[in-house]
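Reader: I am new to this structure and would like to understand the terms used to describe it. Please explain, step by step, what each description rests on.

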Amino acid sequence: MTAAAPHLEVRDLVAGYTPDVPILRGMNLSVRTGEIVTVLGPNGAGKSTLIKAIAGLVPVRSGSIQVRGQSIVGLPTHKLVGAGVAYVPQVDNIFTRLSVQENLEIGGMATPAELPQRIGEMYALFPDLARLRRLAAGKLSGGQRQMVAVA
Ligand SMILES: Nc1ncnc2c1ncn2[C@@H]1O[C@H](COP(=O)(O)OP(=O)(O)OP(=O)(O)O)[C@@H](O)[C@H]1O
Ligand SMILES: [Mg+2]
């Protein structure tokens with residue numbers, strides 16, 4: 001039996017905020033379809049930088065990032081989203097002045113026809129958010145904000 005091809009494959013990734021200071025120096029990661037992978041490490045180790053490089057927010061200096069065998073390096077955001085890449089930032093992850101409902105509506109802007117169904121699914125997944133749908137997202141707790149960001 002051959003192993004399934006990886007869904008996400010990061011090879012020899014060198015990435016960082018400035019060309020002279022690479023934060024990731026030859027990072028490798030392989031994630032199969034349906035697999036959940038957690039990256040652990042001390043504060044400042046480069047976990048968020050890895051995720052930001054995958055999401056196109058930190059320049060890739062060398063190496064490759066592939067989703068289903070296709071390179072995603074340099075793709076514009078809408079194409080990344082189309083390829084199935086989504087990113088929940090650690091901080092500043094919601095629109096604080098908008099309501100919970102409005103945050104979710106912005107998240108689904110690219111697929112308006114599916115919006116009511118998808119928002120319904122998110123309220124089913126996070127019942128707390130359904131109750132808080134009219135509240136300004138800036139009034140939520142840290143964990144509740146993370147729920148909005150994931151949704
Ligand atoms: N915007 C930035 N500009 C320059 N350097 C940055 C920037 N963000 C992070 N760094 C640096 O990159 C390194 C890795 O930071 P990163 O945020 O990836 O760590 P982390 O593993 O996610 O840490 P934590 O567990 O604290 O979230 C650190 O030395 C940090 O100072
Ligand atoms: Mg981090």
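Author: The exchange below goes through the overall build, the sheet, the ligands and some single residues of this predicted model.

Reader: How many helices and strands are there in the protein, and in what order do the elements run?

Author: The protein has 6 helices and 4 strands. Read from the N terminus, the elements follow the pattern β-β-α-β-β-α-α-α-α-α. The C-alpha trace spans about 45 × 40 × 25 Å along its principal axes. Of the 151 residues, 25% are buried.

Reader: What makes the strands a sheet, and what is their order?

Author: The 4 strands form an open sheet in the order E2-E1-E3-E4, with antiparallel pairing. Strand E2 (24-31) and E4 stand at the edges; each has a single partner strand, so one side of each has no neighbour in the sheet. In general, strands of a sheet pair through backbone hydrogen bonds, in a parallel or an antiparallel sense.

Reader: How do you know that E3 and E4 pair?

Author: Pairing requires at least two bridges between two strands. E3 and E4, which run antiparallel, are joined by 2 bridges, so the requirement is met. In one of these bridges Val 67 has Gln 70 in E4 as its partner, and in another Gln 66 has Ser 71 in E4.

Reader: What makes E1 and E3 a pair?

Author: The test is again at least two bridges. E1 and E3 have 6 bridges in the antiparallel sense, and therefore they count as paired. Within this pairing, Val 10 stands opposite Ile 65 in E3.

Reader: What lies between E3 and E4 in their hairpin?

Author: The hairpin of E3 and E4 has 2 residues between the strands, and Arg 68 in the turn has a positive phi of about 45°. Arg 68 is a residue other than glycine, and its place is the loop between strand E3 (60-67) and strand E4 (70-71). A positive phi is also found at Asp 12, about 50°, and Asp 12 is not a glycine either. Asp 12, however, belongs to strand E1 (residues 8-15).

Reader: Why is Arg 68 called exposed?

Author: The word exposed applies over 50% relative accessible area. Arg 68 has 57% relative accessibility, so it counts as exposed.

Reader: Which residues coordinate the magnesium ion (ligand 2), and what makes them donors?

Author: Ser 48 (OG) and Gln 90 (OE1) coordinate the magnesium ion (ligand 2) at 2.1 to 2.2 Å. Donor atoms must lie within 2.8 Å of this metal, and these distances therefore satisfy the limit. Ser 48 lies in helix H1 (residues 47-54) and Gln 90 in the loop between helix H2 (77-82) and helix H3 (100-107), so the pair ties together parts that are 42 residues apart in sequence.

Reader: Is Ser 48 described as buried or exposed, and what about Gln 90?

Author: Ser 48 falls between the two limits of 20% and 50%: its relative accessible area is 29%, so it is partly exposed. Gln 90 is over 50%, at 60%, and is therefore exposed.

Reader: Which residues are around ligand 1?

Author: The residues around ligand 1 include Tyr 17, Ile 23, Pro 42, Lys 47 and Gln 90. By class, this shell holds 4 nonpolar, 6 polar and 1 charged residues.

Reader: What makes the approach of Thr 49 to ligand 1 a polar contact?

Author: A polar contact is a pair of N or O atoms within 3.5 Å. A polar side-chain atom of Thr 49 is 2.5 Å from an oxygen atom of ligand 1, so the distance is within the limit. A backbone N or O atom of Ser 48 lies 2.9 Å from an oxygen atom of ligand 1, and a side-chain N or O atom of Asn 43 lies 3.1 Å from one. The protein covers 58% of the 640 Å² of accessible area that ligand 1 has on its own.

Reader: Why is Asn 93 called buried?

Author: Buried means under 20% relative accessible area, and Asn 93 has 17%, so the term applies. Asn 93 is in the loop between H2 and H3. Its side chain makes a polar contact with the side chain of Gln 146 (3.3 Å).

Terms used: Residues numbered from 1 in each chain as written. Chains lettered and ligands numbered in written order. Predicted model: local features only at pLDDT ≥ 70, side-chain atom pairs only at ≥ 80, totals over all residues. Heavy atoms only, no water. Buried < 20%, exposed > 50% of the residue type's maximum accessible area, 1.4 Å probe, protein only. Donors = N, O, S within 2.8 Å, 3.2 Å for Na, K, Ca; no water. Near = heavy atom within 4 Å. Polar contact = N/O pair within 3.5 Å; in protein donor to acceptor, adjacent residues only side chain to side chain. Areas by Shrake-Rupley, 256 points an atom, 1.4 Å probe, with all protein chains shown as cover. Nonpolar A, V, L, I, M, F, W, Y, C, P; charged D, E, K, R; others polar.
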